[in-house]
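Me: I've just opened this one and don't know my way around yet. Could you walk me through it with some questions and answers?

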Amino acid sequence: MVVVAVTGKGGTGKTIVSALLIHFISKVTTRVLAVDADPDSNLPDALGVADQIKKTLGDIREVFQVSRDDMGMMNKEQWLEGKIYTEAICECDSYDLLVMGRPEGEGCYCFANSLLRGILRKLMRHYDYIIIDSEAGLEHFSRKTIDTADYILVVTDMSKKGLSTAKRIKEMSKELKLDFKGIYLVGNRIMSKEAEEIIKKFADEEGIPLIEFLPYDEKISELDLRGEPITNLPEDSEFVKKVKKIAELIVGVSIKV
Ligand SMILES: Nc1ncnc2c1ncn2[C@@H]1O[C@H](COP(=O)(O)OP(=O)(O)O)[C@@H](O)[C@H]1O
Ligand SMILES: [Mg+2]
């Protein structure tokens with residue numbers, strides 16, 4: 001099991017990068033779990049499977065929270081686990097997809113979360129690759145609903161805010177004692193050599209190795225406007241080829257499409 005968390009400032013391209021990684025990695029193995037862990041995010045749309053999502057993990061946690069059914073301790077866990085498997089995990093295309101959904105409401109969710117932690121840990125073991133589209137606050141990691149990540153990919157655009165968010169994520173991942181193997185920077189929508197130089201320098205100084213610069217691609221905006229999934233991008237797009245390279249680094253073999 002290899003867990004890859006894609007994170008970074010909002011709007012930098014986390015969701016499209018995650019979607020393409022899922023697309024490519026699921027060509028190598030069908031044991032891929034895609035996790036949408038950004039409450040603002042739209043991974044199912046980017047993958048073109050939004051109509052297949054029935055419930056989010058958050059929806060199920062809410063039902064659990066207000067449920068007055070007198071279940072024994074053991075039954076509570078089984079109930080949650082059953083609901084998650086039957087209602088929240090979408091068996092999409094060649095991967096499974098879990099949407100974490102809205103943040104918690106008022107009240108104490110400690111009990112629900114501690115059950116969820118165990119269930120997710122068990123669930124994740126069924127997969128070879130888990131790709132998490134995660135917001136910059138790493139909320140699910142700080143709440144420990146997800147407690148492991150092997151690789152953290154931080155996406156940044158050509159903005160100071162993008163870079164300072166990357167720096168903060170590195171600090172946070174250390175504080176959370178995430179036992180990760182590597183944290184890497186991905187520059188997206190980079191449109192000048194000067195910007196590349198600044199980002200490279202940042203990567204060196206902060207010890208967040210840069211793995212790729214992804215170009216601006218107007219076709220991405222067009223797809224977005226038309227509401228089409230990112231997987232409709234032509235295979236010969238520079239953007240697609242470069243994300244495929246990142247996917248190959250993760251799986252360690254070349255990917256045939
Ligand atoms: N390389 C790019 N070229 C053109 N448009 C892009 C590029 N990367 C991202 N976008 C656009 O920017 C917006 C934000 O991308 P998204 O992946 O949703 O970011 P995030 O998940 O980090 O908030 C989307 O509308 C997307 O279509
Ligand atoms: Mg997003």
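Reply: Sure, here is a short round of questions and answers on this predicted model.

Me: Let's start with the ligand. Which residues come nearest to ligand 1?

Reply: There are 17 residues around ligand 1. Some of them come nearest, and those are G11, K14, T15, N188 and R189.

Me: Which helices each supply at least two residues of the shell around ligand 1?

Reply: Look at the stretches 14-25 and 218-226. Each of these supplies at least two residues of the shell. By name, the two helices are α1 and α9.

Me: And by class, how many residues of that shell are nonpolar, polar or charged?

Reply: The shell around ligand 1 mixes the three classes. The count comes to five nonpolar, seven polar and five charged residues.

Me: Which residue has a side-chain N or O atom 2.9 Å from an oxygen atom of ligand 1?

Reply: Backbone atoms take part around here too: a backbone N or O atom of T12 lies 3.2 Å from a ligand oxygen, and one of P215 lies 2.9 Å from a ligand nitrogen. The side-chain atom you're after is 2.9 Å from a ligand oxygen, and the residue is D224.

Me: How much of ligand 1 does the protein bury?

Reply: Taken alone, ligand 1 exposes 560 Å². The space taken by ligand 1 is the largest pocket. Of the area that ligand 1 exposes alone, the protein buries 85%.

Me: On to the backbone. Is L138 buried or exposed?

Reply: You'll find L138 in the loop between β5 (129-134) and α6 (139-142). Its phi is near 45°, a positive value in a residue other than glycine. The relative accessible area of L138 is 1%, and the cut-off for burial is under 20%, so L138 is buried.

Me: What about K177, buried or exposed?

Reply: K177 also has a positive phi without being glycine, with a value near 55°. Its place is in the loop between α7 (160-175) and β7 (182-188). Since the relative accessibility of K177 is 70% and exposed means over 50%, K177 counts as exposed.

Me: Which residue shares a side-chain polar contact with E212?

Reply: E212 sits in strand β8, residues 210-214. With a relative accessible area of 10%, under the 20% cut-off, E212 is buried. A polar contact of 3.4 Å joins its side chain to that of K245.

Me: How far apart in space are V3 and Y129, C-alpha to C-alpha?

Reply: V3 belongs to strand β1, which covers residues 2-8. At 0% relative accessibility, V3 counts as buried. Along the chain, V3 and Y129 are 126 residues apart. In space, their C-alpha atoms are separated by 5.9 Å.

Me: Is E77 buried, partly exposed or exposed?

Reply: E77 is in helix α4, residues 73-88. E77 and A112 are 35 residues apart in sequence, with 8.9 Å between their C-alpha atoms. The relative accessibility of E77 is 24%, which falls between the 20% and 50% cut-offs, so E77 counts as partly exposed.

Me: And E81, buried or exposed?

Reply: E81 lies in helix α4. E81 and L120 are 39 residues apart in sequence and 8.8 Å apart in space, going by C-alpha atoms. At 15% relative accessibility, E81 is under the 20% cut-off and therefore counts as buried.

Me: Last one: how far apart are the C-alpha atoms of E194 and F239?

Reply: E194 has its place in helix α8, residues 193-206. With a relative accessible area of 57%, over the 50% cut-off, E194 is exposed. E194 and F239 are 45 residues apart along the chain, and their C-alpha atoms are separated by 20 Å.

How values were computed: Residues are numbered from 1 along each chain as its sequence is written. Chains are lettered from A and ligands numbered from 1 in the order in which they are written. This is a predicted model: local features need pLDDT of at least 70, side-chain atom pairs count only at pLDDT 80 or more; totals for chains, interfaces and linings use all residues. Side-chain values use heavy atoms; hydrogens and water are left out. A residue is near a molecule or strand if one of its heavy atoms lies within 4 Å of it. A polar contact is a pair of N or O atoms within 3.5 Å; within protein, one must be able to donate a hydrogen and the other to accept it, and residues adjacent in sequence count only if both atoms are side-chain atoms. Accessible areas come from the Shrake-Rupley method with a 1.4 Å probe; for residues, only the protein chains shown count as cover. On a 1 Å grid over the protein atoms alone, a cavity is a set of points where a 1.4 Å probe fits but cannot get out, and a pocket is an open set with protein on both sides within 12 Å along at least five of seven lines; lining residues have an atom within 4 Å of a point. A molecule sits in a cavity or pocket if more than half of its atoms lie within 2 Å of its grid points. Helices (H or I, at least four residues) and strands (E, at least two) are DSSP runs, numbered from the N terminus. Ala, Val, Leu, Ile, Met, Phe, Trp, Tyr, Cys and Pro count as nonpolar, Asp, Glu, Lys and Arg as charged, and the others, Gly among them, as polar. Buried means under 20% relative accessible area, exposed over 50%, partly exposed in between (1.4 Å probe, protein chains only).
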